[in-house]
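Grab a pencil and work through the exercises below. Each one sets a task and then walks through a solution.

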Amino acid sequence: MSEITITLPDDSKIQVPQGTTPLQVAEGIGARLAKAAVAAKIDGVLTDLHEPLERDVSLTLLTFDDDEGKHVYWHSAAHIMADAVQRVFPHAKLTIGPAIEEGFYYDFHMDRPFTDDDIAKIEQQMAEIIAADEPFTCKELSAAEAVEFWKSRDNEYKVELTTDIVATETGHQPPRGHDAIQQFMDSHSSDYTQVEVSHYSHGQFTDLCRGPHLPSTGRIGAFKLTSVAGAYWRGTELNPMLQRIYGVAFPDRKALAGYLERMEEARRRDHRILGRDLDLFGFFEEAGAGLPYYHPRGAMLRHLVTDFAVREHLKRGYQLIRTPHLIKSEVWHTSGHAQQAYPMYYTEIDGHSYGIKPMNCPGHLLIYGSRTRSYRDLPMRYFELGTVYRHERSGVLHGLLRVRGFTQDDAHIFCTPEQLQDEIISVIEFASYMLSVFGFNEYRTYLSTRPEKSVGSDEQWERATQALVDAMDAHDIEFEVDEGGGAFYGPKIDIKVKDAIGRLWQCATIQCDFTQPERFDITYVGEDGQEHRPVMIHRVVLAGIERFLGIVIENYAGAFPVWLAPVQVMVLPITERHHDYAAQVVEKLLAEGFRAEADTAASTLGARIRHAEMQKYPYMLVVGDREQEQGQVAVRHRDEGDLGPQPLDEFILRLREEDRPGA
RNA sequence: GCCCACGUAGCUCAGUCGGCAGAGCGUGUCCUUGGUAAGGACAAGGUCACCGGUUCGAUUCCGGUCGUGGGCUCCA
């Protein structure tokens, strides 16, 4: 038998007999790797561990620690779950069941939703399937055989998926709808005998699947089904509602426990709960969904954030402007919002239709166009804390993270095409600075391209997209591409930040727009004395202030740094006879520009300390006889505990040091 | 908007197989005058989300509305 050469990721090479499997290679390297391996990459292609190696290849063994390894792991868990569901509900039809960012789901066509009891039964079946350690096997069927197989099981979903594969492989548009699919099958029957589709099986269970999968079901160490939900077939409301089960799986119980702890931690940080407990904001059922009300402490937090944002914009050459909330609908036609059926609110005044602004750009364009602009004026950077209203569908509202009325730190930069790249870069740097001040230091950058519903010419879109790519390339910024994720008027760069527990949130977005300047016919006079069309950049850094506050609340778990704390200092007089001194301390702190209050409740000191700790005030100042006599305060820090007495002036110096953005 | 679940005191939740509702925490008052995460007593507080229906009687059953949660989809 001939030998082949395997190149491993560290560039080392080993000789093995032809037909050796990746699993056998792993066993040769070490028993532990063989146990941990979940799949392989052969010359960059994801494959099963028992796929024989027939020629010289490069081989990477994937474990659960690799993202792709996790996906294989979870996908196999989804198959096991689907098997379990069919054991409990033989009539449940399989549809799709992919791995997702954290875990997996599987959608089933069912005559009723799953109950908690059902889930318990399904989990039990899964445990049995895992204990049986059934091997996953792969079999190539012709599409014709696959259709026959799934038709015999009365599963029209798999027939549709098979047809999708045939259509895609043969360069056709996948047909939609029962009749179109039948017609496609009739007219392309020869393709169905040519195209092969893989099916994976374990035990008695078989599913249409690209793979790869784990070697066997016993590889799943620990799992949990986390939730059930309705979901439409292919995500479209017109299609039947399927029943979805979500789950997670890990190599061992400890990892699962870690995951559950993270979920618990996320619940503990939930901004909706903290918003109520810390008395920051709330909603009124009678006043409208998705419309937040800021209580004094929440409004202070908001003020601190926006005040900081305004100052930073002014430092960078932005000019403050302000535009009305109501704008005649004609303008929304000019901008294209009306034609795009953008979800906005309209009202009528004196027989004229007005739209409540869902975006600030048209107002900014009007101001730009209000007089002749010279190339010497550019770039012009208009900034507005612009409050907008959007008709978000009721089902998507979520605390402060998804609301119907919100304020953006919105700016529009008008510049020449030559200035575009520098402006984009400076916005990226600005955003990076701003987010770091709020404790976000990890980002991911995305480029979103032209969506289906859009305005403008192909050429404009190409130029705009290229400008964004060039700017990022010139500064070695790595980015991922989100095809079709752009705004209707232009492509965009999105920056997503990672919070304290690893979740990603979209904040800054930079949108390049060649179409609105044309629609509003704005110009500048160039060096040549001719009129030229400026380029416009839409950009937000914190994005929606509401959403940003929600993220900030969760990132700090409500324990804000001194510069963001709505109440920085709570003064705690020991007895009633210290109330006057406590008031003096508060007065002094307020006069120095700090945010302080005194807790003069009749409860014991211990109880008031407990209360202050739970409210997460950064500092508590205990004042009794000793402090009063010597003009001191006994300092207690939220996290560090009792720091002992010190003169009030000394404490003020400490506080001033910490009362700086980003400190 | 759609699917599922839910809505009882400010909060967390009991409870009512249809007969005018309870606890803990919180709040108020009084007692205690306290030294770094819960002192004690008493009290107030609910048309059981709202509207309609069935019923002798509805917080409980039915329908609708509003709101919330988890998803689908969309987005800051």
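Before we start, one convention: two strands pair if DSSP finds at least two bridges between them. Also keep in mind that this is a predicted model.

**Exercise 1. Work out which strands pair with S8, and in what sense.**

Step 1: Locate the strand. S8 covers residues 103–109, and six of its seven residues are buried, leaving S8 mostly covered.

Step 2: Go to S7, residues 99–100. Two bridges tie S7 to S8, and the two strands run antiparallel. In this pair, Ile-100 sits opposite Gly-103 of S8. The connection is a hairpin, with two residues leading from S7 into S8.

Step 3: Now try S6, residues 93–94. S6 is also antiparallel to S8, again with two bridges. Here Leu-94 faces Phe-108 of S8.

Step 4: Jump along the chain to S13, residues 241–250. S13 and S8 are joined by five bridges in the antiparallel sense. Phe-108 turns up once more, with Gln-243 as its bridge partner in S13.

Result: S8 pairs with S6, with S7 and with S13, and Phe-108 has a partner in S6 as well as in S13.

**Exercise 2. Decide whether Ser-201 and Glu-418 are buried or exposed.**

Step 1: Place Ser-201. This serine belongs to strand S10, residues 196–202.

Step 2: Apply the cut-off. Ser-201 counts as buried because its relative accessibility is 16%, and the limit for buried is under 20%.

Step 3: Check the neighbours. Leaving out residues up to four places away in sequence, Ser-201 touches Pro-135, Phe-136, Thr-137 and Thr-206. With Thr-206 there is also a polar contact between side chains, at 2.8 Å.

Step 4: Turn to Glu-418, found in the loop that links strand S21 (405–415) to helix H14 (420–437). Its relative accessibility is 66%, so Glu-418 counts as exposed; the bar there is over 50%.

Step 5: Add a distance. Glu-418 and Val-535 are 117 residues apart along the chain, yet their C-alpha atoms are separated by 9.5 Å.

**Exercise 3. Describe the protein surface near RNA strand B.**

Step 1: Count the residues. RNA strand B is surrounded by 51 of them, the closest being Tyr-232, Ile-574, Thr-575, Arg-610 and Glu-627.

Step 2: Sort them by type. The surface has 20 charged, 17 nonpolar and 14 polar residues.

Step 3: Find the top contributor. Helix H19, residues 605–614, gives the most, with six residues.

Step 4: See which part of the RNA faces the protein. Among the RNA atoms within 4 Å of the protein, 48% are from sugar or phosphate, and bases supply the rest.

Step 5: Pick out some polar atom pairs. A polar backbone atom of Val-403 is 2.8 Å from a base nitrogen. Gly-395 places a backbone N or O atom 3.2 Å from a base nitrogen. His-398 works from its side chain instead, where an N or O atom lies 3.2 Å from a phosphate oxygen.

**Exercise 4. Lay out the domains of chain A.**

Step 1: Read off the bounds. The domain assignment gives domain 1 (3–63), domain 2 (69–263), domain 3 (304–556) and domain 4 (562–658).

Step 2: Set two of them apart in space. Between the C-alpha centres of domain 2 and domain 3 there are 40 Å.

Methods:
Residues numbered from 1 in each chain as written. Chains lettered and ligands numbered in written order. Predicted model: local features only at pLDDT ≥ 70, side-chain atom pairs only at ≥ 80, totals over all residues. Heavy atoms only, no water. Helix = DSSP H or I, 4+ residues; strand = E, 2+ residues; numbered from the N terminus. Buried < 20%, exposed > 50% of the residue type's maximum accessible area, 1.4 Å probe, protein only. Polar contact = N/O pair within 3.5 Å; in protein donor to acceptor, adjacent residues only side chain to side chain. Contact = heavy atoms within 4.5 Å. Near = heavy atom within 4 Å. Nonpolar A, V, L, I, M, F, W, Y, C, P; charged D, E, K, R; others polar. Domains from an automatic or database assignment.
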